[in-house]
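Student: Please take a close look at a single loop and its surroundings in the structure shown here. I should like one connected account that begins at a single residue and works outward.

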Amino acid sequence: MDRRRFLRTAALSGAGASALAAPALAQGSESIQWRCTSSFPQSLDTIYGGAVDVARYVREATDGAFDIQVFAGGEIVPGLQAADAVQNGTVEMCHTAAYYYVGKSPTWALGAVIPYGLNTRGMNAWLYYGDGINLLNEFYNGQGLHYLPAGNTGTQMGGWFRNEIDGLSGMQGLQMRIAGLAGQVMEQIGVVPQQIAGGDIYPALERGTIDAAEWIGPYDDEKLGFYQVAPYYYYPGWWEGNLTLNCFVNRSAWDGLPDNYKRLLETACRAANTEMMAEYDYKNPAALRSLVSNGAQLRAFPQDVLNATYDASLQLYADLRDSADGWAKIYDSMMAFQADHFLWQQVAEQNFASFMQQKQSQGQLPAQISGAGATGGESSSSEN
């Protein structure tokens with residue numbers, strides 16, 4: 001597909017100008033230059049690349065008339081202050097994860113992910129078709145921001161542990177790099193949550209300052225080398241059944257955009273949302289295999305840990321209904337859809353995946369039979 005033509009056409013259609021030739025998008029439109037600060041370093045090319053993709057799609061579709069310059073975390077402001085920079089007008093836009101800002105209000109997390117929330121497909125369905133974007137913007141508009149989904153990591157891994165966890169009692173007193181609502185849930189089962197910047201995690205694990213750390217998933221985790229100092233790699237990341245990345249746009253800047261540019265930016269973010277998930281799905285399998293071959297030990301969280309954290313999460317959400325502005329309306333909508341989503345998932349999707357995973361574990365997928373792929377037992381040999 002010609003992405004440039006697609007984005008132009010989509011933007012024009014959204015502005016009610018579908019009868020015009022695509023190049024007319026730039027003709028007669030004012031030249032706009034924005035700055036977008038990312039929460040991520042360039043070295044994490046996939047997650048940082050979400051902002052780069054958005055900027056490129058917009059630039060190409062307008063022949064450079066709408067130009068967004070992307071800055072890595074720390075170049076303008078620290079990564080965890082990206083939304084603040086948009087709110088105060090330092091930049092027009094940022095690419096971030098909304099749950100970084102739960103210190104402002106726990107409700108911010110609902111635009112990213114909450115423990116035991118929706119998976120990636122469920123989140124996208126709710127956002128785009130379940131009125132999720134509009135509900136979130138009722139909240140974020142009050143913070144001086146406009147919210148646009150722009151990337152997803154999929155379900156994340158549960159993190160790196162220096163020692164094996166034999167059950168819920170093994171979590172007591174554990175010093176773990178984990179933040180936000182997940183940190184609050186972990187605290188309820190005896191974990192001591194720590195907020196540590198990405199670049200400081202490895203030395204903290206190496207020195208034993210912390211006992212465990214969560215990051216993202218195999219592709220990004222391998223780059224940071226955690227397996228060398230904390231070999232036990234747990235799954236699933238129950239606090240991140242998906243992670244929706246997003247662009248926040250300064251509300252005044254958004255209101256000042258021509259309508260066709262608004263539609264184009266929405267389309268570009270939607271395209272970046274699809275791109276990022278596809279890229280992670282392509283890169284994570286090889287990275288996981290590489291990690292295991294280099295000594296990473298895959299482990300599933302014990303069932304009592306999952307049950308305890310699930311119960312603690314529901315109690316937290318019950319408390320937030322009364323204490324967090326805007327929480328109840330968004331959360332209730334998301335959870336109402338979650339019940340239907342997982343019911344549907346278990347009928348077709350889960351059964352198909354389970355059958356195919358069984359064939360994979362038996363070495364019966366076509367690539368395995370022909371010898372072009374690795375055997376199913378190779379990655380599972382390090383599991384309990």
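**From one loop residue outward**

Tutor: Asp 131 is partly exposed, its relative accessible area being 39%. The model under discussion is a predicted one. Asp 131 belongs to the loop between helix 4 and helix 5. Its backbone deserves attention: phi is near 70°, a positive value in a residue other than glycine.

Consider next what follows this loop. Helix 5 spans residues 132-140, and 7 of its 9 residues are buried, so the helix is largely enclosed by the rest of the structure. The buried positions are Gly 132, Ile 133, Leu 135, Leu 136, Asn 137, Phe 139 and Tyr 140. What covers them? The cover includes two helices, helix 4 and helix 12, together with strand 4 (145-152) and strand 10 (244-250).

Two of these neighbours lead to further backbone features. Helix 4 is preceded by a loop that starts after strand 3 (93-96), and Tyr 116 lies in that loop. Tyr 116 is not a glycine, yet its phi is positive, about 55°. Strand 10, for its part, is linked to strand 9 (232-235) by a loop that contains Pro 236. The peptide bond joining Tyr 235 and Pro 236 is cis, with omega about -5°.

The helices of the same cover lead to the largest pocket. That pocket holds about 1,800 Å³ of space. It is lined by 46 residues, and those closest to its centre are Gly 154, Thr 155, Asp 281, Ala 353 and Gln 357. At least two lining residues come from each of helix 4 (120-129), helix 10, helix 12 (327-347), helix 13 (349-361) and helix 15 (377-380). Helix 13 supplies the largest share, 9 residues. By class, the lining divides into 19 nonpolar, 21 polar and 6 charged residues.

Helix 10 also bears on the nonpolar interior. The largest nonpolar core has 118 residues, and Trp 34, Ile 114 and Leu 265 have the most contacts inside it. Helix 10 (residues 259-293) contributes the largest share of this core, 12 residues. The general background is that nonpolar side chains tend to be buried together in soluble globular proteins. Ile 114 illustrates the packing. Leaving aside residues up to four places away in sequence, Ile 114 touches Ala 109, Leu 181, Trp 239, Tyr 317, Trp 327, Tyr 331, Met 334 and Met 335.

The second largest pocket makes a useful counterpart. About 700 Å³ of space lies in it. Its lining has 36 residues, of which Leu 80, Tyr 100, Arg 177, Gly 198 and Trp 215 are the closest to the centre. Helix 6 (180-188), helix 7 and helix 8 (218-224) are the elements giving two or more residues to this lining. Helix 6 gives the most, with 3 residues. The lining has 22 nonpolar, 10 polar and 4 charged residues.

Helix 7, one of the contributors, can be read face by face. Within its residues 198-207, Gly 198, Ile 201, Ala 204 and Leu 205 are buried. Viewed down the helix axis, these buried residues fall within an arc of 95°, so they line one face of helix 7. Gly 199 and Arg 207 are exposed on the other side. The cover over the buried residues includes strand 6 (175-177) and strand 8 (212-213). After helix 7 comes Gly 208, with a positive phi near 85°.

A second partly exposed residue is Asn 307, at 42% relative accessibility. Asn 307 is found in helix 11 (residues 303-323). It stands 139 residues from Leu 168 in sequence, while the C-alpha atoms of Asn 307 and Leu 168 are 9.5 Å apart in space.

The chain as a whole supplies the setting for this local account. It has 15 helices and 11 strands. Of its 384 residues, 50% are buried. Among contacts with a separation of 6 or more, 77% join residues 24 or more positions apart. To return to the starting point, Asp 131 is partly exposed, whereas Gly 132, listed in helix 5, is buried.

Methods
Residues numbered from 1 in each chain as written. Predicted model: local features only at pLDDT ≥ 70, side-chain atom pairs only at ≥ 80, totals over all residues. Heavy atoms only, no water. Buried < 20%, exposed > 50% of the residue type's maximum accessible area, 1.4 Å probe, protein only. Helix = DSSP H or I, 4+ residues; strand = E, 2+ residues; numbered from the N terminus. Arc of directions from axis to C-beta. Contact = heavy atoms within 4.5 Å. Core = buried A, V, L, I, M, F, W, Y, C linked by side-chain atoms within 4.5 Å. 1 Å grid on protein atoms, 1.4 Å probe; cavity = no way out; pocket = protein on both sides within 12 Å on 5 of 7 lines; lining within 4 Å. Points joined across faces, edges and corners; volume = space filled by probe spheres on them. Nonpolar A, V, L, I, M, F, W, Y, C, P; charged D, E, K, R; others polar.
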